[in-house]
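Here are a few exercises to help you find your way around a new structure. Keep the 3D view open and work through each solution one step at a time.

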Amino acid sequence: MRIGVLGAGQLGRMLALAGYPLAKTFVFYDMSGNPSAGLGEVIIDRDGQYLDDLISRVDRVTYEFEHLPVDVAERIAKEKPVHPCPRALQVCQNREAEKTLFGELGIPTPEWRIADSAESLQAAAEELGCPVVAKSNTEGYDGKGQAVLRSPEDAAEAWKSIGHPRLIVEKFVEFRREVSIIAVRAEVGELAFYPMAENAHHEGILRYSIAPAPKLEKHVREDAERYIKALLNELNYVGVLTLELFETAEGLVANEMAPRVHNSGHWTIEGAMTSQFENHIRAVSGHPLGSTDARGVSCMINIIAEHGDIERILELPYAHVHLYNKGERPGRKLGHVTVLADSYEELVWRVKNCAQFLPGCPEFKSTLSEQ
């Protein structure tokens, strides 16, 4: 089976690496003119003139990045199966549509408003009560297109800095930690849930993911599984879906969803019986799903901006290095390291030992510090 992948970045690369043992081949369709997947066939097409070529060469299509034109996915879906469905793309590209769907499905979210001017942004901040987070309604990711307002008087500056004609304004959530749940749904409706991950961000970029999330109460996990199951079934979804959440004193609050394999699930390559990448390929190919059980405990560390001393990390018997074949630059994800252990206590020491070889890596902080 030949699978078309919309996008040609590191997620596409890892999808292909998981799919080759299942005798899948891949064609990447890149609309940026700057592909980095580094393996498989690549069609570079900035203006859509080669889309029919892609359709003619593949059996099924998926995507590794949600910020792509929905009409491209819809055009392909008229002739070949596209998983996940184009509607999932449409929803996640529009924060207002996403939050509205969450509300319809009973998934808790921060209280929110829409602003289409600096004046309405100030009014929303006054109504919700500061601090609030203003985000571009479309196109933002990895902390881009966002601003925190500590006072309604910050509205004019925030509006100018974001530079988007329509914003979603959310009341700031007092949370204990950020977590995510990754689930996969097969064509026949079969569902599987990965253990939840605890995530630590720095400057808007994910730095650490620990899985299974320590000190996670059973009812919290069950709530997360219920929320993501509602989304999967409502969208008639096929493939891997990620739901990012805040854990608060009152329970979980949803931040956003990602209709694809996700950075907070990279630990599954070594840390789970079946990685998120293999299960996504299984799902979009029509195969049964693999086990999502964890193998011990894991921490994924993102390599950001600089590669650091990779040779020293490769000497560590518990560390698994994944490099994306990208050049160094500020804020860029260059790869990741997954650290494995048999206990959380052992994991803390191993992660700190590994992180010392990564320049600029923020201090490792998590609920594990309280162990």
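## Exercise 1: A salt bridge between two strands

Glu198 and Arg177 form a salt bridge in this predicted model, with their closest N and O atoms 2.6 Å apart. Task: find out which elements the pair links, and whether the two residues are buried or exposed.

Solution.
- Start with the elements: Glu198 belongs to strand 11 (residues 197-202), and Arg177 to strand 9 (residues 177-185).
- Next, look along the chain: the two residues are 21 residues apart, so the pair counts as a link between distant parts of the chain.
- Finally, check the surroundings: Glu198 is buried, and Arg177 is buried too.

## Exercise 2: Another pair, another setting

Task: work out how exposed Arg113 and Glu127 are, given that their side chains meet in a salt bridge.

Solution.
- The N to O distance for Arg113 and Glu127 is 3.0 Å.
- Arg113 sits in strand 5 and Glu127 in helix 6 (residues 118-128), 14 residues apart.
- Arg113 has a relative accessible area of 24%, so Arg113 is partly exposed.
- For Glu127 the relative accessible area is 54%, which means that Glu127 is exposed.

## Exercise 3: Reading a sheet

Task: in the open sheet of four strands, name the strands that stand at the edges.

Solution.
- Write down the order, which is 5-8-6-7, with antiparallel pairing.
- Now pick out the edges: strand 5 (112-115) and strand 7 (146-149) each have a single partner strand, so one side of each has no neighbour in the sheet.
- From one strand to the next, the twist averages 25 degrees.
- Zoom in on strand 5: four bridges pair strand 5 with strand 8 (residues 167-171) in the antiparallel sense, and Trp112 stands opposite Glu170 in strand 8.
- Then add the helix: helix 7 (residues 155-162) lies across strands 5, 6, 7 and 8, at about 175 degrees to strand 7.

## Exercise 4: A covered helix

Task: how many residues of helix 1 (residues 10-19) are buried, and what do they pack against?

Solution.
- Count first: nine of the 10 residues are buried, and helix 1 is mostly covered.
- Name some of them: the buried residues include Leu11, Met14 and Leu15.
- Look for the partners: among them are strand 1 (2-6), strand 2 (25-30) and helix 10 (276-285).

Notes. Residues are numbered from 1 along each chain as its sequence is written. This is a predicted model: local features need pLDDT of at least 70, side-chain atom pairs count only at pLDDT 80 or more; totals for chains, interfaces and linings use all residues. Side-chain values use heavy atoms; hydrogens and water are left out. Two strands pair if DSSP finds at least two bridges between them. Axes are lines fitted to C-alpha atoms, for helices over the stretch in contact, and angles run from 0 to 180 degrees between N-to-C directions. Contact means heavy atoms within 4.5 Å. Buried means under 20% relative accessible area, exposed over 50%, partly exposed in between (1.4 Å probe, protein chains only). A salt bridge is a side-chain nitrogen of Lys or Arg within 4 Å of a carboxyl oxygen of Asp or Glu.
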